[in-house]
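Let's take a walk through a protein model, helix by helix and contact by contact. Keep the coordinates open while you read.

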Amino acid sequence: MTLKRVVVTGLGALTPIGNDVPTYWNNLSAGVSGAGPITKFDASKFRTQFACEVKGLDVTQFIPRQDARKMDAFTHYALIATDEAIRDSGMDLEKIDRNKVGVIWGSGIGGLKSFEDEMIDYAKGDGTPRINPFFIVRMIADSASGQISMRYGFRGPNYVTVSACASTNNGIIDAFNYIRLGRMIMCVVGGSEAAVTRAGIGGFNANRALSERNSSPETASRPYDKDRDGFVLGEGAGSLILEEYEHAKARGAKIYAELIGGGMSSDAYHITAPHPEGLGAYLAMKDALDDAGIAPTEIDYINTHGTSTPVGDPQELKAIHQLFGDHSFKINISSTKSMTGHLLGAAGAVEAIASIKALEHQLVPPTINLFNVDEEIDSRFNLTPLKAQTRSLTTVMSNAFGFGGHNAIVIFRKLS
């Protein structure tokens, strides 16, 4: 059968460096860091006292107060980013077949703050289970996709993908396949995370994953730098509208890019550490290229997973070199986590948007805080250090890897 083409017709973002897509992109291009001291709780006794928080957000401007109280912040973020994406897409809800519009959302953790608050309150009591009736629906990860579906009346496939930090890219690939097989005409796909909490910071501190550069939060996320000491936890959401190409063209939609391939694999190696030779990353990237039907030499830019952890960064570059050979030194590579921090299950969403905007503006966002490249990394890689670089871009790749060895890759191309 002939597969249908899939395009991106709407974008929405809520990030530590901008509460909408234009602000997010402008700050990415300018190399702005979103890191700062934690304001959501007293972190003075934690080893890490900073994060990349969403700033200046009044949820009640988007969601009625009585409804917002029934949701966790990660669902707030999902609805706010999706509101922008829906408006950006220009879709007329009264004219589209909402039975053929799906919602596939990603979140690695879900309602962590709701769980944390409820259990702390319970522990302070006398053992009587006085539990908020909205506790479960605030906490479970699929509440985000359910709320989006109910708000807009989308009755197509509706679920949440959970594969740690690969969650959103897995969701994008699922939506891609549904649409190109003709099972949907459109899909809201994205991810949200709100894990800047005592449990989130404390948990990642306990497994030594977070940077502890409390004296200089804005320089703490430094992918590929020899002095990196862990990732910086971020929060927020990204939302994309994927649409069947002929449907988009018929309604005169603005088209940002075409989604041409997705690849997945498992490291089958370790619960937190990546394969030392980047085997899973290699397999997923190759799978994505094969799915897209393109040669490695057609990739111009890779938005890498690049978390700023002591392990992980060099392994991803080893995988890139193994797959792309000498062409890997002609590709622009950057990690936008150097600015946003790591949004866990939402990382793939905001990084897909960064990749698509790079195509639109023919500009590669930088890897900031790259002061001294790790000696283990080949100096011939163009890691787009410190400043954005202008170049001709036709095809871009966005990588996402998660604890448990999950790997998911998506490829976008300028519409031709």
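What follows goes through helix packing, salt bridges and one loop residue.

First, the ground rules. This is a predicted model, so to speak of local features we need pLDDT of at least 70, side-chain atom pairs count only at pLDDT 80 or more, and totals for chains, interfaces and linings use all residues. Residues are numbered from 1 along each chain as its sequence is written, and side-chain values use heavy atoms, with hydrogens and water left out.

Start with helix α6, residues 143-152. Helices here are DSSP runs of H or I with at least four residues, strands are runs of E with at least two, and both are numbered from the N terminus. Helix α6 is mostly covered, with seven of its ten residues buried; buried means under 20% relative accessible area, exposed means over 50%, and partly exposed is what lies in between (1.4 Å probe, protein chains only). The buried ones are Ser-143, Ala-144, Ser-145, Gly-146, Ile-148, Ser-149 and Tyr-152. What sits over them? The cover includes α3, β4 (101-106), α5 (135-139), β5 (158-161) and β6 (186-193). Just past the end of α6, Gly-153 has a positive phi of about 70°.

Of those neighbours, take α3. The axes of α3 and α6 come within 9 Å and cross at roughly 40°, where axes are lines fitted to C-alpha atoms, for helices over the stretch in contact, and angles run from 0 to 180 degrees between N-to-C directions. The two helices are therefore oblique to each other; on this scale, angles under 35 degrees count as roughly parallel, over 145 as roughly antiparallel, 65 to 115 as roughly perpendicular, and the rest as oblique. The crossing of α3 past α6 is right-handed, that is, the near helix is turned clockwise from the far one by less than a right angle, while anticlockwise would be left-handed. From α3, the contact uses Phe-74, Thr-75, Ala-78, Leu-79, Thr-82, Asp-83 and Ile-86, and from α6 it uses Ser-143, Ala-144, Gln-147, Ile-148, Arg-151 and Tyr-152; contact means heavy atoms within 4.5 Å. By class, the residues split into seven nonpolar, four polar and two charged (Ala, Val, Leu, Ile, Met, Phe, Trp, Tyr, Cys and Pro are nonpolar, Asp, Glu, Lys and Arg are charged, and the others, Gly among them, are polar).

Asp-83 also brings us to the salt bridges. Side chains of opposite charge can pair when their charged atoms come close. The rule used here asks for a side-chain nitrogen of Lys or Arg within 4 Å of a carboxyl oxygen of Asp or Glu, and the count comes to 27 salt bridges. In one of them, Asp-83 meets Arg-87 at 3.0 Å, N to O. Both residues lie in α3 (residues 73-89), four residues apart, about one turn of the helix. Arg-87 counts as exposed, at 54% relative accessibility.

Now for a bridge with a longer reach along the sequence. Arg-198 pairs with Asp-117, with the closest N and O atoms 3.7 Å apart. Arg-198 is in α8 (residues 198-206) and Asp-117 is in α4 (residues 112-124), so the pair ties together parts that are 81 residues apart in sequence. Arg-198 is partly exposed at 35%, and Asp-117 is partly exposed at 24%. Both belong to a salt-bridge network with Lys-113 and Glu-116.

The helices carrying that pair also pack together: α4 and α8 meet at an angle of about 100°, with axes 8 Å apart, and are therefore roughly perpendicular. Leu-112, Glu-116, Asp-117 and Ile-120 of α4 touch Arg-198, Ala-199 and Gly-200 of α8. That contact has three nonpolar, one polar and three charged residues.

Next, α10 (residues 279-292) and α11 (residues 313-324): their axes come within 8 Å and cross at roughly 45°, which makes α10 oblique to α11. This crossing is right-handed. Ala-281, Tyr-282, Met-285, Lys-286 and Leu-289 of α10 meet Ala-319, Ile-320, Gln-322, Leu-323 and Phe-324 of α11, giving eight nonpolar, one polar and one charged residues.

Finally, look at Glu-277, in the loop between β8 (257-266) and α10. Glu-277 is partly exposed, with a relative accessible area of 46%. Leaving out residues up to four places away in sequence, Glu-277 touches Gln-315, Lys-318, Ala-319 and Gln-322.
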